[in-house]
Amino acid sequence: MKIDAHQHFWKYNSAEYAWISDSMRVLKRDFLPEDLRKELKTIGFEGSVAVQARQTTDETRWLLGLAEEFDFIKGVVGWIDLCYPEAEDQLAEFSSHAKFTGVRHVLQDEPDDQFMLRDSFLKGISLLVKFNLVYEILIFTRHLPYAAKLVEKFPEQKFVLDHMAKPLIRDKLLSPWREGIQQLAFHPNVYCKLSGMVTEASWTGWRKKDFTPYLDVIFESFGPSRLMIGSDWPVCTV
């Protein structure tokens, strides 16, 4: 079965999706399961994993509701407040749904680059293995050293790196991203999504060859058995 490991749904409004700038105006509309199903059929993919775009538990409930309605949505990576004292209760609620597969927090937007190493956040991460959930790491290159420290603390926890930690493809820079990826991939409990590359390239002028140096680093660091393909639809449509 071919699965798109990373895509989003939303009902657009400017308040909840303020990150969608005018340069991304093609994203300023609704993107819903029927839209994606057409795209998946075109490329012969049979399913997808829907990933949170808003940091609310209502978002997680909404995505799980869509997964119940549409069989091709094979999994949901939702959001819960991992720093919340009752985080375990939230995890128990959502884990009762068979398609709840993981949790993500938008670490890249936190003012504190070391947010992921806070005691309250680490306590939340420690709960995930009990529910057999992955944690998806959404970061920029500068966060890679902290991510390596995070995953080292939880060798039994499965982690998935989103968007290859967003290398500077449009600037054709490999370092220090390459070294950070190698450090993170050293830990066998970390997997990586081949996703988000076109967003980090020149939107109007990218070529396939632009991605080759970055793919080489990822394949050499993780090996193919720890990689998965994600479209990052609809963000990729920029």
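Helix α6 passes helix α8 in a right-handed crossing (right-handed means that the near helix is turned clockwise from the far one by less than a right angle, left-handed that it is turned anticlockwise). The structure is a predicted model, in which local features need pLDDT of at least 70 and side-chain atom pairs count only at pLDDT 80 or more, while totals for chains, interfaces and linings use all residues. Residues are numbered from 1 along each chain as its sequence is written, and side-chain values use heavy atoms, with hydrogens and water left out.

## Helix packing

Two packed helices are described by the angle between their axes and the distance between the axes. Helix α8 comprises residues 212-222, and α6 packs against α8 at an angle of about 20°, with the axes 9 Å apart (axes are lines fitted to C-alpha atoms, for helices over the stretch in contact, and angles run from 0 to 180 degrees between N-to-C directions). This makes α6 roughly parallel to α8 (angles under 35 degrees count as roughly parallel, over 145 as roughly antiparallel, 65 to 115 as roughly perpendicular and the rest as oblique). Helices and strands are DSSP runs numbered from the N terminus, with helices (H or I) of at least four residues and strands (E) of at least two.

On the α6 side, the contact is made by W177, R178, I181, Q182 and A185, and on the α8 side by Y214, V217, I218, S221 and F222 (contact means heavy atoms within 4.5 Å). Seven of these residues are nonpolar, two are polar and one is charged (Ala, Val, Leu, Ile, Met, Phe, Trp, Tyr, Cys and Pro count as nonpolar, Asp, Glu, Lys and Arg as charged, and the others, Gly among them, as polar).

Helix α6, residues 177-185, also packs with α5: the two axes come within 9 Å and cross at roughly 0°. Helix α5 is therefore roughly parallel to α6. L144, P145, A147, A148 and V151 of α5 meet W177, G180, I181, Q183 and L184 of α6. This contact has eight nonpolar and two polar residues, and no charged ones. W177 and I181 take part in the contact with α5, and W177 and I181 also appear in the contact with α8.

The axes of α2 and α3 come within 11 Å and cross at roughly 10°. These helices are therefore roughly parallel to each other, and their crossing is right-handed. T57, T60, R61 and L64 of α2 make the contact with Q90, E93 and F94 of α3. Two nonpolar, three polar and two charged residues form this contact.

## Salt bridges

Side chains of opposite charge can pair when their charged atoms come close. The structure holds 14 salt bridges (a side-chain nitrogen of Lys or Arg within 4 Å of a carboxyl oxygen of Asp or Glu). The table sets out some of the pairs, with the relative accessible area of each partner (buried means under 20%, exposed over 50%, and partly exposed in between, with a 1.4 Å probe and protein chains only).

| Pair | N to O distance | Arginine | Acidic partner |
|---|---|---|---|
| R54 and E16 | 2.9 Å | R54, 16%, buried | E16, 39%, partly exposed |
| R61 and E93 | 3.0 Å | R61, 38%, partly exposed | E93, 37%, partly exposed |
| R142 and D113 | 3.1 Å | R142, 46%, partly exposed | D113, 24%, partly exposed |

R54 forms a salt bridge with E16. The pair links distant parts of the chain, 38 residues apart: R54 is in the loop between β2 (47-51) and α2 (57-69), and E16 in the loop between β1 (3-7) and α1 (33-43).

R61 and E93 meet in a salt bridge. R61 belongs to α2 and E93 to α3 (residues 87-95), and the pair links parts of the chain 32 residues apart. R61 and E93 are also among the residues that make the contact of these two helices.

The salt bridge of R142 with D113 joins two loops. R142 lies between β5 (134-137) and α5 (144-153), and D113 lies between β4 (100-105) and α4 (119-126), so the pair ties together parts that are 29 residues apart in sequence.

R104, E136, D162 and K193 are linked in a network of salt bridges.

## Surroundings of D113

Leaving aside neighbours within four places in sequence, which residues are in contact with D113? They are R142, H143 and Y146. Elsewhere in the chain, K11 is 102 residues from D113 in sequence, and the C-alpha atoms of the two are separated by 30 Å.
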